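Student: I should like to work through this structure step by step. Please show it, and let us then take the questions in turn.

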Amino acid sequence: MALASETPLRRSLLSLVLALVLVMVAPVAAALAVSATDLPPRPPAEHVLDDAKVLSRAGKAEIEHQLESFSAERVDARLITLTRLDYGLGLHSLADQLLERWTADPPAGTSPDPLLLLLIDTQTRATAIAAQAPLDRQLPTELLDSTAATTMAQPLRSGDRYRQAAVDALQRLATVLQGGEDPGEPVVEETAAVVSNIPTREETSSSNAFTWVIVLLVVGTVVPMVTWWVFSR
């Protein structure tokens with residue numbers, strides 16, 4: 001009777017512990033989620049906002065230099081890495097919210113350059129690029145979507161190469177801004193099939209190996225018998 005009563009008690013205690021864990025973990029997960037209001041109210045001094053901490057010091061410095069060079073084309077280019085988006089918030093929606101948030105209250109007496117935002121969600125490896133008007137005339141939506149979906153995404157699919165994803169995308173966009181022809185999407189390298197020396201099942205079934213085995217067995221059996229018969233006479 002004591003053992004029978006302990007099982008429901010243990011189940012109740014286990015359910016209580018799991019409920020407490022969920023209650024404690026849920027606020028932590030919610031705190032890690034990022035929305036537009038969790039980012040600075042205005043564009044920060046640095047052009048790289050590596051919130052996900054995925055860039056090395058050298059990689060961050062290289063990308064910062066590339067982003068600053070866009071000022072020669074009258075463009076305020078910025079890169080943002082994130083670890084987790086708020087529930088129901090997409091990366092493109094966050095980019096649009098940031099454009100609105102960072103341009104709603106410009107400093108008095110200034111004419112800021114239009115914003116160009118490159119975003120990376122490191123949790124899902126999603127990418128997005130958004131441009132503020134009138135920059136979208138030079139960098140149309142089709143170009144931005146293609147750059148995000150291919151030029152940025154390919155280094156992330158083949159490995160967590162966040163620096164390479166940003167550098168390749170910025171080089172492609174800079175070429176177009178400077179009046180050059182769009183380099184286009186990166187070429188996907190196809191892995192060559194490895195040639196194997198092991199025959200396939202079809203090759204094995206169609207070969208004469210089985211026939212030769214039978215012949216050798218017959219010869220190995222008949223020849224000794226004939227030899228014994230000859231010399232025993």
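Student: Against which elements do the buried residues of α4 pack?

Tutor: This is a predicted model. The buried residues of α4 include Leu143, Leu144, Thr147, Met152 and Leu156. The elements that these buried residues pack against are β3, β4 and α5.

Student: On which residue is the kink in α4 centred?

Tutor: Helix α4 has 17 residues and reaches 23 Å from its first C-alpha to its last, close to the 24 Å expected at 1.5 Å a residue. There is nevertheless a kink of about 35° in the helix. Just after α4, Gly159 takes a positive phi of about 155°. The residue at the centre of the kink is Thr147.

Student: Is Thr150 buried or exposed?

Tutor: Thr150 belongs to helix α4. Beyond its neighbours within four places in sequence, Thr150 is in contact with Pro155, Arg172, Glu185 and Pro186. Its relative accessible area is 16%, and the cut-off for burial is under 20%. Thr150 is therefore buried.

Student: Which residues does Glu185 contact, leaving aside its neighbours within four places in sequence?

Tutor: Glu185 is placed in the loop between α5 and α6 (201-206). Its relative accessibility is 48%, so Glu185 counts as partly exposed. The C-alpha atoms of Glu185 and Arg172 are separated by 9.0 Å, and the two residues are 13 apart along the chain. With sequence neighbours within four places left aside, the contacts of Glu185 are Ser146, Thr150 and Arg172.

Student: Which element gives the most residues to the largest nonpolar core?

Tutor: The largest nonpolar core has 30 residues, and those with the most contacts inside it are Ile63, Phe70, Leu79, Leu116 and Leu139. Two or more residues of this core come from each of α2, β2 (76-82), β3, β4, α4 and α5. With 10 residues, the element that gives the most to this core is α5.

Student: Which residues are in contact with Leu139, apart from its neighbours within four places in sequence?

Tutor: Leu139 is one of the residues with the most contacts inside the largest nonpolar core. Leaving aside its neighbours within four places in sequence, the residues in contact with Leu139 are Leu116, Leu144, Leu173, Val176 and Leu177.

Student: How many residues are in the other core, to which Leu82 and Leu117 belong?

Tutor: This other core lies apart from the largest nonpolar core. Leu89 and Ala95 are also among its residues. The number of residues in this core is 16.

Student: Which residue forms a salt bridge with Arg163?

Tutor: Arg163 lies in helix α5 (residues 162-177) and its partner in helix α2, so the pair ties together parts that are 101 residues apart in sequence. Arg163 counts as partly exposed at 31% relative accessibility, and the partner counts as partly exposed at 34%. The closest N and O atoms of the pair are 2.9 Å apart. The partner of Arg163 is Glu62.

Student: What is the N to O distance in the salt bridge of Lys60 and Glu46?

Tutor: Lys60 is in helix α2 (residues 57-69) and Glu46 in the loop between α1 (2-32) and β1 (48-50), 14 residues apart. Lys60 is partly exposed, with a relative accessible area of 28%, and Glu46 is partly exposed as well, at 46%. The side chains meet with an N to O distance of 3.6 Å.

Student: Which residue meets Asp160 in a salt bridge?

Tutor: Asp160 is in the loop between α4 (141-157) and α5, and its partner is in the loop between β3 (115-121) and β4 (126-131), 35 residues away. Asp160 counts as partly exposed at 47% relative accessibility, and the partner does so at 36%. The side chains meet at 2.6 Å, N to O. The partner of Asp160 is Arg125.

Student: What percentage of the residues of the chain count as buried?

Tutor: The chain has seven helices and four strands. Its exposed surface is about 15,700 Å², of which carbon and sulfur atoms supply 60%. Of the 233 residues of the chain, the share that count as buried is 30%.

Terms used
Residues numbered from 1 in each chain as written. Predicted model: local features only at pLDDT ≥ 70, side-chain atom pairs only at ≥ 80, totals over all residues. Heavy atoms only, no water. Buried < 20%, exposed > 50% of the residue type's maximum accessible area, 1.4 Å probe, protein only. Areas by Shrake-Rupley, 256 points an atom, 1.4 Å probe, with all protein chains shown as cover. Salt bridge = Lys/Arg side-chain N within 4 Å of Asp/Glu carboxyl O. Contact = heavy atoms within 4.5 Å. Expected span 1.5 Å × (residues − 1). Bend = angle between axes of the 7 residues up to and from the residue. Core = buried A, V, L, I, M, F, W, Y, C linked by side-chain atoms within 4.5 Å.
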